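Let's walk through this model together, from the two chains down to a few individual residues. Please keep the structure open beside the text as you read.

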Amino acid sequence: MGPTQRDALSKIACNRLQKELVEWQVNPPSGFKHKVTDNLQRWVIEVNGAPGTLYAGETYQLQVDFPEHYPMEAPQVIFVPPAPLHPHIYSNGHICLDILYDSWSPAMTVSSICISILSMLSSSPVKQRPADNDRYVKNCKNGRSPKETRWWFHDDKV
Amino acid sequence: MDSEDDMHDANDAESMDDDYYSGDTAVEYSEDDDDGDDDGDYEFDNDSVDSDDVSTSRRQQKNYIALKEADIRQHQENEITTISTVLSISRVDASILLRHYHWSVSNVHEVWFADEDRVRKAVGLLERPVVRFPNAKELTCGICFESFPLDRISSAACGHPFCNLCWRAYMSTSIDGGPGCLMLRCPDPSCGAAIGQDMINLLVSEEDKEKYARYLLRSYIEDNRKTKWCPAPGCEYAVEFVVGSENYDVSCLCSYGFCWNCTEEAHRPVDCGTVAKWIMKNSAESENMNWILANSKPCPKCKRPIEKNQGCMHMTCTPPCKFEFCWLCLGAWSDHGERTGGFYACNRYEAAKQEGAYDETERRREMAKNSLERYTHYYERWATNQSSRQKALADLHQMQTVNLEKLSDKQSQPESQLKFITEAWLQIVECRRVLKWTYAYGYYLPEPEQAKRQFFEYLQGEAEAGLERLHQCAEKDVQAYLGAEPPPTDFNDFRTKLAGLTSVTRNYFENLVRALENGLSDVDSQGASSKTATAKSVAAFGKGKSGRGKSSRAGGPSKNSDDHGFWTCDQCTYFNTRSLPTCEMCHQPRRNA
Ligand SMILES: [Zn+2]
Ligand SMILES: [Zn+2]
Ligand SMILES: [Zn+2]
Ligand SMILES: [Zn+2]
Ligand SMILES: [Zn+2]
Ligand SMILES: [Zn+2]
Ligand SMILES: [Zn+2]
């Protein structure tokens with residue numbers, strides 16, 4: 001799953017990521033911290049649970065891997081375990097969120113993804129795993145990417 | 001190449017079929033169509049329709065039409081024009097709208113006039129931009145975040161700016177992903193503005209334009225409730241069906257007949273559920289059944305292997321044996337073919353019944369053997385009729401391309417006078433198909449419904465016997481007129497015989513089809529009105545069983561007996577109800593009544 005196994009970023013992807021990085025440094029989404037490395041193709045981002053929500057005071061890590069044809073293709077975004085206890089987040093860190101898969105648009109950015117994920121966390125009324133967690137995680141052995149899953153998106157009322 | 005030949009032949013057969021059956025269906029079709037959402041502008045391939053409407057009444061209105069690519073395009077264009085005109089919107093918008101509502105003109109009308117705003121929102125047809133940049137000289141692309149002069153920026157109706165290169169990549173990624181590209185929206189996550197073909201064509205490569213156009217055309221068939229692609233391998237035609245019609249059997253221009261409902265091969269009068277079960281059963285048993293598809297069996301008399309190379313089931317062993325037998329049951333042909341006053345029983349399955357006490361294991365083994373034997377009986381008949389039909393199609397082709405001309409030459413008759421031969425072959429092809437499916441039907445006919453089963457087997461047996469006579473006549477009798485020198489002079493007798501058999505066989509099959517489509521309910525209704533008579537006559541249907549494979553056919557009721565409520569026709573052996581003065585099948589008047 002590491003950058004060595006995937007195709008290098010295209011020139012378009014590099015340019016776009018450079019721009020996103022600059023924008024992030026000027027104007028980072030609140031609650032997130034980009035852990036600076038020299039690897040443009042994998043970002044590791046620290047998430048702080050929003051005050052006043054079930055996740056207040058907790059810190060998690062997101063790992064964002066960019067494909068060759070980013071942003072035409074969505075990045076792969078997962079929580080580095082231990083992942084937050086949430087009805088749409090599996091214990092292996094996979095996130096059931098439509099914009100990461102079918103509803104991705106190249107006009108979205110890492111920053112807009114972060115905001116969606118934080119809002120998903122903040123709106124959760126209960127800390128629990130998805131009902132099918134064990135089955136799903138078992139099926140993901142052998143390092144299957146969440147982008148290969150045919151997601152049936154959970155009800156967004158949760 | 002073989003397959004091309006077949007295709008060609010198939011087309012010939014179909015156009016033949018068309019000029020026999022369809023008459024002026026084009027008009028009828030649009031009248032029939034109560035959807036109200038059609039332009040009614042259907043065009044048939046009219047060059048093959050001549051004025052000869054021998055048997056227009058033979059088949060009811062076609063409730064479907066087959067579409068070539070040009071027809072599909074035409075239909076799609078017409079519907080787009082209609083919507084664009086009636087709703088006063090662009091053709092591109094009309095196309096997006098129609099695709100969204102499964103190409104149903106009536107549906108689009110309905111939702112649009114009920115709530116235009118809601119529809120515009122759902123489909124993404126904006127009336128005015130959501131963002132404007134009135135004085136800008138340069139704009140930033142929302143994907144690559146670079147700035148560009150306006151001539152390198154494009155937007156959908158919403159106004160969200162993206163550079164042409166990003167558009168191109170966005171569209172091409174979507175087109176690569178499949179027909180979902182037809183639902184492409186503006187990349188801005190907050191925006192749902194639809195992207196139409198006009199914008200696609202301005203921005204993508206030639207190759208992508210073509211792919212997109214292809215998807216759009218295919219969508220007219222695939223997203224449409226009224227149309228389906230012909231399932232024949234390699235066929236690119238589609239069929240449009242009048243939804244709500246009862247008869248699902250349709251025939252493509254490639255001549256493949258299929259069921260519009262389940263897209264299996266045409267299987268009237270057997271229902272889709274039975275067909276699906278049967279096909280599953282066949283694939284589950286395929287290993288056990290391989291031997292049936294072998295084309296050779298030992299002669300029941302001399303045991304030498306006999307190859308089946310003809311369509312009818314009448315086999316004659318090579319000299320000196322010359323034993324005539326039935327391919328299916330290996331019984332003597334004398335029990336099958338011509339009128340014997342008894343019953344044709346080759347179609348019936350009877351488990352070998354053993355007398356005496358069984359122990360439990362033996363009983364089980366026997367039951368397992370019987371169930372496979374029973375299935376084998378039906379499967380063999382199903383599969384053999386299938387291959388016999390293929391053979392008949394090939395023979396029809398041979399007849400149309402070579403032999404008719406030869407005959408016309410030898411008999412000094414114009415080919416138009418030989419139509420009865422083609423008609424006979426078309427009838428054989430159709431009957432083999434029906435007969436084949438009645439074996440799937442028979443397999444699933446509930447065992448306890450004895451009366452129905454006997455009635456069914458009687459009708460099936462009569463139809464099958466008729467078909468064997470017809471097939472044999474078309475296949476073998478004709479040889480005398482093709483080969484011999486000088487040509488025999490009794491060609492008119494042959495004409496009378498073949499045309500007569502064609503008509504009688506057609507009646508038998510129509511009768512069989514009707515009975516199956518009524519769920520064999522005639523047995524019930526007769527049972528209700530005159531119980532005793534029916535019980536007797538049904539018992540009579542069953543008697544032929546004893547004759548299976550043997551010649552003890554005298555067990556049947558005596559000819560013309562009317563004490564059972566039925567009388568047997570002298571000419572064709574059909575069992576007619578007492579009240580009929582002429583034979584239901586061949587119209588021969590009843591004698592010694
Ligand atoms: Zn751009
Ligand atoms: Zn937009
Ligand atoms: Zn076809
Ligand atoms: Zn069907
Ligand atoms: Zn023999
Ligand atoms: Zn037989
Ligand atoms: Zn008759």
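A residue is called buried when its relative accessible area is under 20%, exposed when that value is over 50%, and partly exposed in between. Leu520(B), at a relative accessible area of 1%, is therefore buried. Please bear in mind that this is a predicted model.

## The two chains

Chain A is built from three helices and four strands, and their order along the sequence is α-β-β-β-β-α-α. Chain B has 18 helices and 15 strands. The table sets out some overall values for each chain.

| Chain | Residues and buried share | Accessible surface | Carbon and sulfur share of the surface |
|---|---|---|---|
| Chain A | 158 residues, 48% buried | about 8,200 Å² | 52% |
| Chain B | 593 residues, 49% buried | about 28,800 Å² | 49% |

Contacts across the sequence can be described for each chain in turn. In chain A, 61% of the contacts with a separation of 6 or more are between residues 24 or more positions apart. In chain B, 61% of the contacts between residues at least 6 apart join residues at least 24 apart.

## Chain A: the loop after strand S4

A good place to begin is the loop between strand S4 (76–80) and helix H2 (110–122) of chain A, where Cys96(A) is located. An unreviewed UniProt entry annotates Cys96(A) as "active site"; such annotations may be inferred rather than shown by experiment. Is Cys96(A) buried or exposed? With a relative accessible area of 4%, Cys96(A) is buried.

Leu85(A) sits in the loop between S4 and H2 as well. At a relative accessible area of 36%, Leu85(A) is partly exposed. Which residues does Leu85(A) touch, leaving aside those up to four places away in sequence? They are Tyr55(A), Lys127(A), Gln128(A) and Arg129(A). For Lys127(A), 42 residues from Leu85(A) along the chain, the C-alpha atoms of the two are separated by 5.1 Å.

Pro82(A) belongs to the loop between S4 and H2 too, and the peptide bond leading to Pro82(A) from Pro81(A) is cis, with omega near 5°. Another cis peptide bond runs from Tyr70(A) to Pro71(A), with omega near 0°. Pro71(A) lies in the loop between strand S3 (59–65) and S4 of chain A.

## Chain B: two zinc sites

Let's turn to the metals. The zinc ion (ligand 1) is held by the SG atoms of Cys141(B), Cys144(B), Cys163(B) and Cys166(B), at 2.2 to 2.3 Å. These donors are spaced as C-x2-C-x18-C-x2-C along the chain. Cys144(B) is in the loop between strand S2 (138–140) and strand S3 (147–149), and Cys163(B) is in strand S5 (residues 162–163), so the pair ties together parts of chain B that are 19 residues apart in sequence. Cys144(B) counts as buried at 12% relative accessibility, and Cys163(B) is buried at 3%. The angles among the four donor atoms run from 99 to 119°, and the site is tetrahedral.

The ideal angle for four tetrahedral donors is 109.5 degrees.

The zinc ion (ligand 5) has the SG atoms of Cys299(B), Cys302(B), Cys317(B) and Cys321(B) as its protein donors, at 2.2 to 2.4 Å. Its site is tetrahedral, with angles of 100 to 117° among the four donor atoms, and the spacing of the donors is C-x2-C-x14-C-x3-C. Here the link between distant parts of the chain is made by Cys302(B), in the loop between strand S10 (296–298) and strand S11 (305–307), and Cys317(B), in the loop between strand S12 (314–316) and strand S13 (324–326), 15 residues apart. Cys302(B) is partly exposed at 30% relative accessibility, whereas Cys317(B) is buried at 2%.

## Chain B: the core and two positive phi values

The largest nonpolar core has 64 residues, and those with the most contacts inside it are Trp278(B), Ile421(B), Phe494(B), Leu498(B) and Cys572(B). Several helices of chain B each supply at least two residues of this core, including helix H10 (272–284), helix H12 (360–410) and helix H16 (491–517). H13(B) gives the most, with 15 residues.

Leu520(B), the buried residue introduced at the start, lies in the loop between H16 and helix H17 (521–529). Its phi is positive, about 60°, although Leu520(B) is not a glycine. Ser255(B) likewise has a positive phi, near 85°. Ser255(B) is in the loop between strand S8 (249–251) and strand S9 (257–259) of chain B, and counts as partly exposed at 25% relative accessibility.

Notes: Residues numbered from 1 in each chain as written. Chains lettered and ligands numbered in written order. Predicted model: local features only at pLDDT ≥ 70, side-chain atom pairs only at ≥ 80, totals over all residues. Heavy atoms only, no water. Buried < 20%, exposed > 50% of the residue type's maximum accessible area, 1.4 Å probe, protein only. Contact = heavy atoms within 4.5 Å. Areas by Shrake-Rupley, 256 points an atom, 1.4 Å probe, with all protein chains shown as cover. Donors = N, O, S within 2.8 Å, 3.2 Å for Na, K, Ca; no water. Tetrahedral: all angles 85-135°; square planar, octahedral: opposite > 155°, others 65-115°. Core = buried A, V, L, I, M, F, W, Y, C linked by side-chain atoms within 4.5 Å.
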